[in-house]
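Me: Could you take a close look at how the pieces pack in this one, and walk me through it at bench level? I'd like one connected answer, please.

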Amino acid sequence: MIESFVVVVRAIIAFFTLLIFTRILGKQQISQLSFFDYITGITIGSIAATLTTDLTSRAWPHWVGLFLWTLLVFIFQWITLKGRNIAKYIDGEPAIVILKGKIMEDTLKKTRYRAADLLKLLRSKDVFEISEVEYAVLETSGELSILKKAESLPLTPKDIGLLTSYKGISRELIYDGKVMEQNLNYIGKDEKWLLNQIRSNGFGSFDEVFLVLIDESNKLFIDGYRDSRNEKEPKTLE
Amino acid sequence: MKKSIRILIPVILLAFFIAVMTTGAILKKPMGEKDDLIHYIELMEEEILNQNWKEASDHLSDAKKAWKKVVRRIQFSAERDEINELHKTLDRTSGFIKAKDKGGAMAELAEAQNIWTELGK
């Protein structure tokens, strides 16, 4: 028996099982995870690691453990999606830790946060004076959400009545040298048109272009592979 | 990709993985002529009880060859400790046969049978 060969097979089993299970669990981002979700993730990963390398026990019991942890997380996810009150009970609730520039010490104690932790989180949000904060909410994920006082908010075009043009979302027309046919069809253009556009920007073929984006105001952004090339400014279509 | 294929791929993969991990008890059963370990152990016991040490040694050699074949099939679904332990009992039996020690050899073979029963379960 070659031990390393057994490890290879077990690693493949653990890897693809984790991949399938995490896909089933959904697309929750790390920043949205509660502390419990985070610990659960670590536990599942740890079981997968043991499944791979612990040859003193069979792979099957580890796999069953992996499956059960995933199943329990899935059930909890389903329950918290269905019932708001249960979700609050399981995940906890966001807590207001600063209200109109004043720290809520009792809430801070309940959430086991020190003043230093709070100041650190504020600094990470570019807030260096607590008096600037109208509300600071400690989310269940441990992140701090801040609403600054009106006088401390940055000036926006809306504040001074400035009209802005609509930007929308950019679409990729070329990605890594490959033409995105679907997006090209969506905007009602063809490859010939695209080739003309990149040629007018100093490129010979699609292969020379790393990325081409078009926004909803039909403004093109073109980036070539060779950064030393004198690329023209992004061009606006007629 | 079609939804049915998207679902079918992980289902087939998981089913395959489960099969690899749980078929030890099936795969340890003899599949050819010379991989019936438990048969060779029984033959060995008979010869040892009759103190036919030469025949017992021949059967032990066959048992070791059979064990090598079985290990290849069950290595992904059995505990490594159990595999090693059975290997050791066969080695120890070899020593007892050389020393013509009936009690020791029989004890080792009983142990081997016990490990075999639990193997891959």
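Reply: In chain A, 49% of the contacts with a separation of 6 or more join residues 24 or more positions apart, where contact means heavy atoms within 4.5 Å. For chain B, taking contacts between residues at least 6 apart in sequence, 71% join residues at least 24 apart. Bear in mind that this is a predicted model: local features need pLDDT of at least 70 and side-chain atom pairs count only at pLDDT 80 or more, while totals for chains, interfaces and linings use all residues. Residues are numbered from 1 along each chain as its sequence is written, chains are lettered from A and ligands numbered from 1 in the order in which they are written, and side-chain values use heavy atoms, leaving out hydrogens and water.

Chain A has 8 helices and 8 strands; these are DSSP runs (helices H or I, at least four residues; strands E, at least two), numbered from the N terminus. Chain A has a radius of gyration of 26 Å, well over the 18 Å that the globule rule gives for 238 residues, so it is more spread out than a compact globule. That radius is taken over C-alpha atoms, and the globule rule is 2.2 Å times the number of residues to the power 0.38. The C-alpha atoms of chain A fill a box of roughly 65 × 65 × 35 Å along the principal axes. Of the 238 residues in chain A, 28% are buried, which here means under 20% relative accessible area, with exposed over 50% and partly exposed in between (1.4 Å probe, protein chains only).

Now for a helix pair in chain A. Helix H1 (residues 3-25) of chain A packs against helix H2 (residues 35-53) of chain A at about 160 degrees, their axes 8 Å apart. H1(A) is therefore roughly antiparallel to H2(A). On the terms: axes are lines fitted to C-alpha atoms, for helices over the stretch in contact, and angles run from 0 to 180 degrees between N-to-C directions. Under 35 degrees counts as roughly parallel, over 145 as roughly antiparallel, 65 to 115 as roughly perpendicular and the rest as oblique. H1(A) and H2(A) make a right-handed crossing; that is, the near helix is turned clockwise from the far one by less than a right angle, and anticlockwise would make it left-handed. On the H1(A) side sit A:Val7, A:Arg10, A:Ala11, A:Ile13, A:Ala14 and A:Leu18, meeting A:Ile44, A:Ala48, A:Leu51 and A:Thr52 in H2(A). By class, that contact has 8 nonpolar, 1 polar and 1 charged residues, with Ala, Val, Leu, Ile, Met, Phe, Trp, Tyr, Cys and Pro as nonpolar, Asp, Glu, Lys and Arg as charged, and the others, Gly among them, as polar.

Over to chain B, which has 6 helices and 0 strands. Its radius of gyration is 19 Å, where a compact globule of 121 residues would be near 14 Å. The C-alpha box is roughly 70 × 25 × 15 Å, and 37% of the residues of chain B count as buried.

H3(B) is the part to zoom in on. Helix H3 (residues 37-49) of chain B and helix H6 (residues 102-118) of chain B pack at about 160 degrees, with axes 10 Å apart. H3(B) and H6(B) are therefore roughly antiparallel to each other, and the crossing is left-handed. From H3(B), residues including B:Leu37, B:Ile41, B:Met44 and B:Ile48 meet a set in H6(B), among them B:Ala105, B:Leu109 and B:Trp116. The residues of this contact split into 11 nonpolar, 1 polar and 3 charged.

H3(B) also meets H5(B): their axes come within 13 Å and cross at roughly 25 degrees. That makes H3(B) roughly parallel to H5(B), again with a left-handed crossing. Here B:Leu37, B:Met44 and B:Ile48 of H3(B) touch B:Leu86, B:Leu90, B:Thr93 and B:Ile97 of H5(B). This one has 6 nonpolar, 1 polar and no charged residues.

Staying with H5 (residues 80-98) of chain B, B:Glu82 lies in that helix. B:Glu82 is buried, at 18% relative accessible area. B:Glu82 touches B:Ile115, B:Glu118, B:Leu119 and B:Gly120, leaving aside residues up to four places away in sequence. The C-alpha atoms of B:Glu82 and B:Glu118 are 8.4 Å apart, with their positions 36 residues apart along the chain.

Last, B:Gln51 sits in the loop between H3 and helix H4 (53-74) of chain B. Its phi is near 60 degrees, a positive value in a residue other than glycine. Most residues other than glycine have a negative phi. B:Gln51 is partly exposed, at 47% relative accessible area.
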